[in-house]
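Work through the exercises below with the sequence and the structure side by side, and try each task before reading its solution.

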Amino acid sequence: MGRVQDKIILLTGGAMGLGRAGAQRLVDEGARLIITDHDVEAGTQTAKELGENVEFLEQDVTDPERWTEVIGHVEAAYGRLDVLINNAAVTVFGSIADVSYEDFRRCYRVDVDSIFLGCKSAMDLMSKTGGSMINLSSAAAINASADLVAYNSAKAAIPMLTKSIALYCAREKNGVRVNAVLPGTIMTPNVESVIAGTPDPAETERLFALAQPVGHMGEPDDIAHLMVYLASDESKFATGAAFAVDGGLSI
Ligand SMILES: NC(=O)c1ccc[n+]([C@@H]2O[C@H](COP(=O)([O-])OP(=O)(O)OC[C@H]3O[C@@H](n4cnc5c(N)ncnc54)[C@H](O)[C@@H]3O)[C@@H](O)[C@H]2O)c1
């Protein structure tokens with residue numbers, strides 16, 4: 001049997017990067033996945049490549065009505081939801097001097113509001129059977145940078161949002177546990193394009209690697225394996241925790 005055999009898992013931002021890597025490992029371990037993304041072309045292609053146990057739905061995670069529709073679809077098609085992985089996010093660069101209020105709000109809407117909406121929309125359905133909510137934060141929740149004012153603060157909100165929801169679930173005894181994941185720098189299409197967009201990409205890549213005390217970046221599977229653990233019953237006593245997988249970045 002797989003470690004998440006027959007679990008029904010909804011994963012946002014599954015078209016590429018850590019979401020895609022997580023989806024791959026979860027399918028390998030026997031799960032049935034609904035991946036969502038606002039990039040329809042990439043999401044459709046990813047679901048096709050991952051095989052018959054993966055379905056793709058278009059979703060903008062900032063849209064409350066779409067959350068209701070997506071959860072309604074999951075309930076109608078699968079009857080339950082075992083795991084919700086709130087993975088979709090954007091990185092907004094800039095200091096307090098550079099970032100517009102509009103971009104600051106956009107970062108919060110995609111990175112924070114989406115997690116509130118996801119957990120709130122899925123709560124009733126997941127409470128029927130119990131399950132696991134997994135919220136992607138970042139080592140950037142702990143390590144600040146002058147040029148990441150929006151992303152740092154948005155990602156820092158996620159562990160506390162996670163703790164509050166975890167305590168609510170514990171009080172309700174609804175069998176739902178809620179945890180946050182804090183990756184260090186992992187080479188994904190997002191990070192690749194950030195590096196490519198700098199004046200000296202080779203130097204940027206070297207500095208990104210050195211930010212981790214271990215001296216190198218992580219791989220998507222470093223986070224995908226943690227997703228499998230948190231999605232599986234192996235983590236049944238873990239709730240309200242923030243799991244750092246970051247090569248020591250947040251020490
Ligand atoms: N890669 C890293 O180094 C790193 C480090 C720390 C934390 N994280 C976090 O891990 C998660 C995944 O990161 P990644 O590097 O794979 O990112 P990515 O940009 O490669 O992938 C994010 C996915 O989310 C989707 N998305 C963006 N906005 C959306 C929206 N409004 N609605 C629906 N989908 C949307 C994108 O289309 C994309 O498929 C994010 O929460 C990110 O903040 C990543």
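## Around the ligand

**Exercise 1.** Find which residues come nearest to the ligand in this predicted model.

*Solution.* Begin with the shell, where 27 residues surround the ligand, and then pick out those that come nearest, namely Leu-18, Asp-37, Tyr-151, Ile-186 and Thr-188. Next, sort the shell by character, which gives 12 nonpolar, 11 polar and four charged residues. Finally, turn to the helices: H1 (17-28), H5 (149-172) and H6 (189-196) each supply at least two residues of this shell.

**Exercise 2.** Determine which polar atoms of the protein lie within 3.5 Å of an N or O atom of the ligand, taking His-38, Lys-155 and Thr-188 in turn.

*Solution.* For Thr-188, a polar side-chain atom is 2.7 Å from an oxygen atom of the ligand. For Lys-155, a polar side-chain atom is 2.9 Å from an oxygen atom of the ligand. For His-38, the partner is a polar backbone atom, which lies 3.4 Å from a nitrogen atom of the ligand. On its own the ligand has 820 Å² of accessible area, and the protein covers 92% of that. The ligand takes up the space of the largest pocket.

**Exercise 3.** Locate Glu-219 and decide whether this residue is buried or exposed.

*Solution.* Glu-219 belongs to the loop that runs between helix H7 (201-211) and helix H8 (220-231). Its relative accessibility is 55%, and because exposed means over 50%, Glu-219 counts as exposed. As a last step, compare Glu-219 with Ile-35: the two are 184 residues apart in sequence, and their C-alpha atoms are 21 Å apart in space.

Terms used
Residues are numbered from 1 along each chain as its sequence is written. This is a predicted model: local features need pLDDT of at least 70, side-chain atom pairs count only at pLDDT 80 or more; totals for chains, interfaces and linings use all residues. Side-chain values use heavy atoms; hydrogens and water are left out. A residue is near a molecule or strand if one of its heavy atoms lies within 4 Å of it. A polar contact is a pair of N or O atoms within 3.5 Å; within protein, one must be able to donate a hydrogen and the other to accept it, and residues adjacent in sequence count only if both atoms are side-chain atoms. Accessible areas come from the Shrake-Rupley method with a 1.4 Å probe; for residues, only the protein chains shown count as cover. On a 1 Å grid over the protein atoms alone, a cavity is a set of points where a 1.4 Å probe fits but cannot get out, and a pocket is an open set with protein on both sides within 12 Å along at least five of seven lines; lining residues have an atom within 4 Å of a point. A molecule sits in a cavity or pocket if more than half of its atoms lie within 2 Å of its grid points. Helices (H or I, at least four residues) and strands (E, at least two) are DSSP runs, numbered from the N terminus. Ala, Val, Leu, Ile, Met, Phe, Trp, Tyr, Cys and Pro count as nonpolar, Asp, Glu, Lys and Arg as charged, and the others, Gly among them, as polar. Buried means under 20% relative accessible area, exposed over 50%, partly exposed in between (1.4 Å probe, protein chains only).
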